[in-house]
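Trainee: I am new to this structure and would like to go through it with you. Could we take it one question at a time?

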Amino acid sequence: MLLAFTGNGKGKTTAALGNALRLLGAGKRALMVQFIKGPWESGEHKSVSRLEPDLKIIKTGKGFVGILGDDLPIEEHKKAAEEGFSIARKEIAGGKYHLLILDEVHNAIRLGLVPVSYVLAFLDYAKDKVEYVITTGRDAAKEIIERADLVTEMRDVKHPYQKGVKAKVGLDF
Ligand code: ATP
Ligand code: MG
């Protein structure tokens, strides 16, 4: 089953983690592979050690693409995205995980780091390896929306950022 969390409102990555937490309660295991995200750590990277090996998070990105001082060639970002998929392929091969989260993969597609056809082929591969795949990120490709069994769009109604409030530790990262 494919679940896609998309839209410009806050809550996509945290909803995926919430689902992982729920799944662990059923005695199952979850892996989150994160695309694009750089070397910086969010709260979940620190707290996940308490839940390993049932929940594991692997960061594969090189940080922001084309914005906020990014001076890496796009090829480096593409290579990192491909590495992300190759890690995911290996990790789920043995049937160890029930849920695979491809965090920010919609953005990786949108930014041209990986073709949507590649992601669809990966989803074919993952079909009999995991029970659920969750994809997250703004602006999911229509091919992903068509393939998904469940799609939720987080819509930005209001965010403190718009009043100039900076990202808060424990809430935003
Ligand atoms: P979260 O990780 O909090 O669930 P998300 O995965 O939906 O958020 P992303 O697009 O991945 O959102 O962006 C991650 C960061 O950007 C988070 O710190 C989040 O709080 C912030 N963010 C998300 N949506 C908005 C928004 N509409 N305006 C400003 N900041 C946002
Ligand atoms: Mg996110």
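Trainee: Let me start with E104: is E104 buried or exposed?

Mentor: Good place to begin, and keep in mind that this is a predicted model. E104 sits in the loop between β4 (99–103) and α4 (105–110). Its relative accessible area is 15%. Buried means under 20%, so E104 is buried.

Trainee: What is the phi of E104, about how many degrees?

Mentor: E104 is not a glycine, and yet its phi is positive. The value for E104 is about 65°.

Trainee: Which other residue that is not a glycine has a positive phi, of about 70°?

Mentor: Look in the loop between β2 (30–34) and α2. The residue there has 16% relative accessibility and therefore counts as buried. With a positive phi of about 70°, it is I36.

Trainee: Where is there a cis peptide bond, that is, which residues does it join?

Mentor: Go to the loop between α2 (43–47) and β3, where P53 lies. The bond in question has an omega of about 5°. The residues joined by this cis peptide bond are E52 and P53.

Trainee: Is T60 buried or exposed?

Mentor: T60 is in the loop between β3 (55–59) and α3 (74–93). Its relative accessibility is 9%. The cut-off for buried is under 20%, so T60 counts as buried.

Trainee: Which residue has its backbone oxygen 2.8 Å from a polar atom of the T60 side chain?

Mentor: Here the side chain of T60 supplies one atom of the pair, and a backbone oxygen supplies the other. That backbone oxygen belongs to Q34.

Trainee: Is K127 buried or exposed?

Mentor: K127 lies in the loop between α5 (116–126) and β5 (132–136). Its relative accessibility is 63%. Exposed means over 50%, so K127 counts as exposed.

Trainee: How many Å separate the C-alpha atoms of K127 and V65?

Mentor: Along the chain, K127 and V65 are 62 residues apart. In space, their C-alpha atoms are separated by 30 Å.

Trainee: And how far apart in space are A93 and D156, C-alpha to C-alpha?

Mentor: A93 has its place in helix α3. At 42% relative accessibility, A93 counts as partly exposed. A93 and D156 are 63 residues apart in sequence, and their C-alpha distance is 37 Å.

Trainee: Now for the ligand: which residues come nearest to ligand 1?

Mentor: There are 13 residues around ligand 1. By class, this shell has one nonpolar, six polar and six charged residues. Those that come nearest are K10, G11, K12, T14 and D172.

Trainee: Which residue has an N or O atom in its side chain 3.4 Å from a nitrogen atom of ligand 1?

Mentor: Oxygen atoms of ligand 1 have partners too: one is 2.8 Å from a polar backbone atom of G11, and a polar side-chain atom of T13 lies 2.9 Å from an oxygen atom of the ligand. For the nitrogen atom at 3.4 Å, the residue is D156.

Trainee: What share of the area that ligand 1 exposes when taken alone does the protein bury?

Mentor: The space taken by ligand 1 is the largest pocket. Taken alone, ligand 1 exposes 580 Å². The share of that area buried by the protein is 81%.

Key
Residues numbered from 1 in each chain as written. Chains lettered and ligands numbered in written order. Predicted model: local features only at pLDDT ≥ 70, side-chain atom pairs only at ≥ 80, totals over all residues. Heavy atoms only, no water. Near = heavy atom within 4 Å. Polar contact = N/O pair within 3.5 Å; in protein donor to acceptor, adjacent residues only side chain to side chain. Areas by Shrake-Rupley, 256 points an atom, 1.4 Å probe, with all protein chains shown as cover. 1 Å grid on protein atoms, 1.4 Å probe; cavity = no way out; pocket = protein on both sides within 12 Å on 5 of 7 lines; lining within 4 Å. Sits in = over half its atoms within 2 Å of the grid points. Nonpolar A, V, L, I, M, F, W, Y, C, P; charged D, E, K, R; others polar. Helix = DSSP H or I, 4+ residues; strand = E, 2+ residues; numbered from the N terminus. Buried < 20%, exposed > 50% of the residue type's maximum accessible area, 1.4 Å probe, protein only.
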